[in-house]
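Thanks for coming. Please put the sequence and the model side by side, and I will go through a few places in turn.

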Amino acid sequence: MSIVEEVAPSASPVPETGERVLRVNDLVVEFPRPDRSGFRAVNGVDIELRRGETLGIVGESGSGKTMIALSLLGIVPLPGKIIEGTISLRGRRIDNLPPREIRKVRGNDIGIVFQDPMTGLNPVRTVGSQLMESALRHNNLSRREAEERAFKALDDVGIPAARERLKAYPHELSGGLRQRVMIALALINHPSVIVADEPTTALDATIQAQILDLFRLRLARSTMILITHDLGVAAEICDRIAVMYAGRIVETGTIEDVLSNPRHPYTVGLLAAVPKFDVRRPKLVPIPGQPPTADDVVRGCAFSPRCSFATPECEERPLLEDRGGRPVACWHPRGSGV
Ligand SMILES: Nc1ncnc2c1ncn2[C@@H]1O[C@H](COP(=O)(O)OP(=O)(O)OP(=O)(O)O)[C@@H](O)[C@H]1O
Ligand SMILES: [Mg+2]
């Protein structure tokens, strides 16, 4: 059986009742500031992921997307720290595990794909040895079995001449092949969840399309969190989407609902700024103004300084709660059904 099929055993479309694989509850990641209270890069985020579902996380640079991914993997960079909240994987808390235990989760229960494959691959070791090491570390395999699994992992992600490629060093491969190797490494131990942080952003357009095809066709039924700047990528791959602004989720729903009927003015702005001739591949285009920086003190709705619908009410922070059938954190949601 191929790795991809093993990772994706459930039927499509995603059943609402699918087993809950991942639950993030009120996550807060803080960086200390010398003068006053810490800067919250992630500020009270809830995520629920069910088996076979792909959740997209989108939002401007600095909104906290990567910090969520790093929190799941237990590698928030110091001096940053998870100061509140819980993360549970298949019912087991993983946010408070000792380093030895979280290492067992990383690369085994949770597979990671980073934006730049060179961050995830060791440049001085062959592709095969890195794949085999991961397979051996987390499974009771002979070297021969591990090599076979490494070969299969490369073959499954569409790497031609996979047997020979096991002997290659990362720098000997093209950017596209390197990203495939990263994906093979993420999948080799059949993880419960794949976390992909901007997996196509560093690639040129043609390669990007090929890697997208890999995600769309072969990983379609995986349980995955996909972080992306590209709403088109999210539209092609994700079942649900969470829009982030300044460390918080401001709107969430099925990809169809959010893209066809955005409610938060920030989401409306993101979509409105997309050129109409290219609606199928909308990229996030900056909205006038800047998101708050680590030095700003945010009161109320963090988006209100940039929002044309803001009123004095927005000085009080809107919670992410059901507004017309879908969670939106806004006092003045747009669109129909509110
Ligand atoms: N080492 C650090 N010290 C202080 N602040 C940090 C550190 N690393 C990240 N941050 C801050 O945390 C916030 C969230 O960063 P994060 O990398 O999660 O953003 P992102 O949404 O992934 O952005 P991008 O789209 O650019 O990847 C940012 O405002 C960033 O400045
Ligand atoms: Mg990031």
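Start at isoleucine 57, which stands opposite alanine 242 in β9. Before going on, some ground rules. This is a predicted model, in which local features need pLDDT of at least 70 and side-chain atom pairs count only at pLDDT 80 or more, while totals for chains, interfaces and linings use all residues. Residues are numbered from 1 along each chain as its sequence is written, chains are lettered from A and ligands numbered from 1 in the order in which they are written, and side-chain values use heavy atoms, with hydrogens and water left out.

Now the strands. Strands (E, at least two residues) and helices (H or I, at least four residues) are DSSP runs, numbered from the N terminus. Two strands pair if DSSP finds at least two bridges between them. Strand β3, residues 54-58, is joined to β9 by 4 bridges, and the two run parallel. β9 also pairs with strand β10, residues 248-254, in the antiparallel sense, over 6 bridges. One place to see that pairing is isoleucine 241, whose bridge partner in β10 is glycine 253. β9 and β10 form a hairpin with 2 residues between them, and alanine 246 in the turn has a positive phi of about 50°.

Is β9 mostly covered or mostly open? β9 covers residues 240-245, and 5 of its 6 residues are buried. Buried means under 20% relative accessible area, exposed means over 50%, and partly exposed is in between, with a 1.4 Å probe and protein chains only.

Next, an open sheet. Its 4 strands come in the order β2-β1-β4-β5, and the pairing is antiparallel. β2 and β5, the latter at residues 92-93, are the edge strands, since each pairs on one side only. Strand β1, residues 20-31, is joined to β4 by 7 bridges. Within that pairing, valine 28 stands opposite glutamate 84 in β4. Strand β4, residues 81-89, pairs with β5 over 2 bridges, in the antiparallel sense. Those who want to find them should look at leucine 89, whose partner in β5 is arginine 92, and at serine 88, whose partner there is arginine 93. This hairpin of β4 and β5 has 2 residues between the strands, and arginine 90 takes a positive phi near 45°. As a general point, in a regular strand the side chains alternate between the two faces of the sheet.

On to the ligand. Which residues surround ligand 1? They are Phe31, Phe39, Ala41, Glu60, Ser61, Gly62, Ser63, Gly64, Lys65, Thr66, Met67 and His229. A residue is listed if one of its heavy atoms lies within 4 Å of the ligand. By type, the shell divides into 4 nonpolar, 6 polar and 2 charged residues. Here Ala, Val, Leu, Ile, Met, Phe, Trp, Tyr, Cys and Pro count as nonpolar, Asp, Glu, Lys and Arg as charged, and the others, Gly among them, as polar. β2 (39-50) and α2 (65-73) each supply at least two residues of this shell, and α2 gives the largest share, 3 residues.

There are polar contacts too, meaning pairs of N or O atoms within 3.5 Å; within protein, one must be able to donate a hydrogen and the other to accept it, and residues adjacent in sequence count only if both atoms are side-chain atoms. Lysine 65 has a polar side-chain atom 2.8 Å from an oxygen atom of ligand 1. For threonine 66, an N or O atom in the side chain is also 2.8 Å from a ligand oxygen. Histidine 229 places a polar side-chain atom 3.1 Å from an oxygen atom of ligand 1. The protein covers 66% of the 640 Å² of accessible area that ligand 1 has on its own; such areas come from the Shrake-Rupley method with a 1.4 Å probe, and for residues only the protein chains shown count as cover.

Last, the cysteines. How many disulfides does a search of the whole structure find? The search finds 0, a disulfide being a pair of cysteine sulfur atoms within 2.5 Å. For cysteine 301, the nearest cysteine sulfur, that of cysteine 314, is 5.9 Å away. Why is cysteine 330 not bonded to cysteine 307? Their sulfurs are 6.1 Å apart, which is too far for a bond. Cysteine 301 counts as buried at 12% relative accessibility, and cysteine 330 counts as buried at 7%. The backbone oxygen of cysteine 301 also lies 2.8 Å from a polar side-chain atom of serine 304. Serine 304 sits in the loop between α12 (265-272) and β11 (321-322), and is buried at 18% relative accessible area.
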